[in-house]
Amino acid sequence: IDRTNSFIENRKNWERIVEEKGWNKADNTQNDTQGIIAKTGDKHNFHFNIWEVETGGAKTRFKWNVDAIKLLKHIESENRLATTEEQKVLAKYAGWGGISQAFDDKNESWSKEYKELRELLTEEEYVAARATVNNAFYTAPEIAACITQGLVSFGFKGGNILEPSCGIGNFFGNLPSTIGKSNLYGVELDDISGRIAKQLYQ
């Protein structure tokens with residue numbers, strides 16, 4: 001009984017903190033937190049197929065990032081949520097870790113990409129993105145899948161899951177079906193990554 005009461009009390013405290021902090025809760029009952037309302041269709045969380053995950057070099061990842069950002073801004077301009085097909089594009093967003101060349105205005109081999117990025121991002125978004133080149137290395141989906149499967153092996157059957165530095169949510173996108181209905185809480189400092197995560201885990 002003591003353990004049950006403690007669990008209930010902890011859960012209430014946790015939900016109160018989440019509400020006070022304004023953190024995103026990505027489950028099937030989530031209320032919209034930024035006025036983004038789907039025009040048609042139901043909300044749906046993205047799930048990786050690790051056999052279809054692509055890899056690429058710096059310029060390939062740059063293109064994935066640009067494509068994802070353009071799509072994100074298009075979706076937001078229409079005040080809606082991403083479709084399942086659009087989520088596949090958004091999920092390729094790889095962050096700017098290891099792509100510092102794109103922010104170097106003196107790197108001639110990246111001059112086209114630098115110009116494209118300056119035109120695509122607002123000044124605030126650009127400064128925030130540039131600040132992540134040394135630390136935005138997202139966990140590979142196949143690694144995240146192994147770790148989340150480990151949770152099940154340890155006996156976790158679902159509940160509240162916090163990802164305190166979620167990026168675009170690769171751990172959320174690799175939850176086994178047995179715990180897929182858990183309440184997902186993601187915290188992300190980078191604005192664009194967090195906005196993409198909200199579109200992937202609705």
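# Exercises on a salt-bridged helix pair and its surroundings

Glu 76 has a relative accessibility of 25%, so it counts as partly exposed. The classes are buried (under 20% relative accessible area), exposed (over 50%) and partly exposed (in between), with a 1.4 Å probe and protein chains only.

This is a predicted model: local features need pLDDT of at least 70, side-chain atom pairs count only at pLDDT 80 or more, and totals for chains, interfaces and linings use all residues. Residues are numbered from 1 along each chain as its sequence is written, and side-chain values use heavy atoms, leaving out hydrogens and water.

## Exercise 1: the overall plan

Set out the secondary structure of the protein chain and the share of its residues that are buried.

Solution.

- Step 1. Count the elements: the chain has seven helices and three strands. Both are DSSP runs, numbered from the N terminus: helices are H or I with at least four residues, strands are E with at least two.
- Step 2. Read along the sequence: the pattern is α-β-α-α-α-α-α-β-β-α.
- Step 3. Take the burial: 39% of the 202 residues are buried.
- Step 4. Look at contacts (heavy atoms within 4.5 Å). Among contacts with a separation of 6 or more, 74% join residues 24 or more positions apart.

## Exercise 2: two helices that cross

Describe how α2 and α7 cross, and list the residues that meet.

Solution.

- Step 1. Two packed helices are described by the angle and the distance between their axes.
- Step 2. Helix α2 covers residues 58-77 and helix α7 covers residues 191-200; their axes come within 11 Å and cross at roughly 65 degrees. Axes here are lines fitted to C-alpha atoms, for helices over the stretch in contact, with angles from 0 to 180 degrees between N-to-C directions.
- Step 3. The crossing is left-handed. That label applies if the near helix is turned anticlockwise from the far one by less than a right angle.
- Step 4. From α2 come Ala 68, Ile 69, Leu 72, Lys 73, Ile 75 and Glu 76; from α7 come Ile 192, Arg 195, Ile 196 and Gln 199.
- Step 5. Sort this contact by class: six residues are nonpolar, one is polar and three are charged. Ala, Val, Leu, Ile, Met, Phe, Trp, Tyr, Cys and Pro count as nonpolar; Asp, Glu, Lys and Arg count as charged; the others, Gly among them, are polar.

## Exercise 3: salt bridges

Find the salt bridge between Arg 195 and Glu 76, then place the pair in its network.

Solution.

- Step 1. Side chains of opposite charge can pair when their charged atoms come close. The test is a side-chain nitrogen of Lys or Arg within 4 Å of a carboxyl oxygen of Asp or Glu. The whole structure holds 13 such bridges.
- Step 2. Arg 195 and Glu 76 meet at 2.8 Å, N to O. Arg 195 sits in helix α7 and Glu 76 in helix α2, 119 residues apart, so the pair links distant parts of the chain.
- Step 3. Arg 195 is buried because its relative accessibility is 12%.
- Step 4. Extend outward: Lys 73, Glu 76, Glu 125, Asp 191 and Arg 195 form a network of salt bridges.
- Step 5. Try another pair. Glu 78 bridges Arg 80, with the closest N and O atoms 2.6 Å apart. Glu 78 is partly exposed at 28%, while Arg 80 is buried at 11%.

## Exercise 4: Asn 79 in a loop

Locate Asn 79 and report its phi angle.

Solution.

- Step 1. Asn 79 lies in the loop between α2 and α3.
- Step 2. Its phi is near 55 degrees, a positive value in a residue other than glycine.
- Step 3. With a relative accessible area of 37%, Asn 79 is partly exposed.

## Exercise 5: Gln 87

Is Gln 87 buried or exposed, and which residues does Gln 87 touch?

Solution.

- Step 1. Gln 87 belongs to helix α3, residues 84-90.
- Step 2. Its relative accessible area is 2%, so Gln 87 is buried.
- Step 3. Its side chain reaches the backbone oxygen of Leu 200 at 3.2 Å.
- Step 4. Leaving out residues up to four places away in sequence, Gln 87 touches His 44, Asn 45, Phe 46, Ala 82, Gln 199, Leu 200 and Gln 202.

## Exercise 6: Asn 170

Where is Asn 170 placed, and which residues does Asn 170 touch?

Solution.

- Step 1. Asn 170 is in the loop between β2 (160-163) and β3 (183-186).
- Step 2. At 8% relative accessible area, Asn 170 is buried.
- Step 3. Not counting residues up to four places away in sequence, its contacts are Phe 48, Tyr 138, Thr 139, Pro 141 and Ala 144.

Definitions and conventions:
A polar contact is a pair of N or O atoms within 3.5 Å; within protein, one must be able to donate a hydrogen and the other to accept it, and residues adjacent in sequence count only if both atoms are side-chain atoms.
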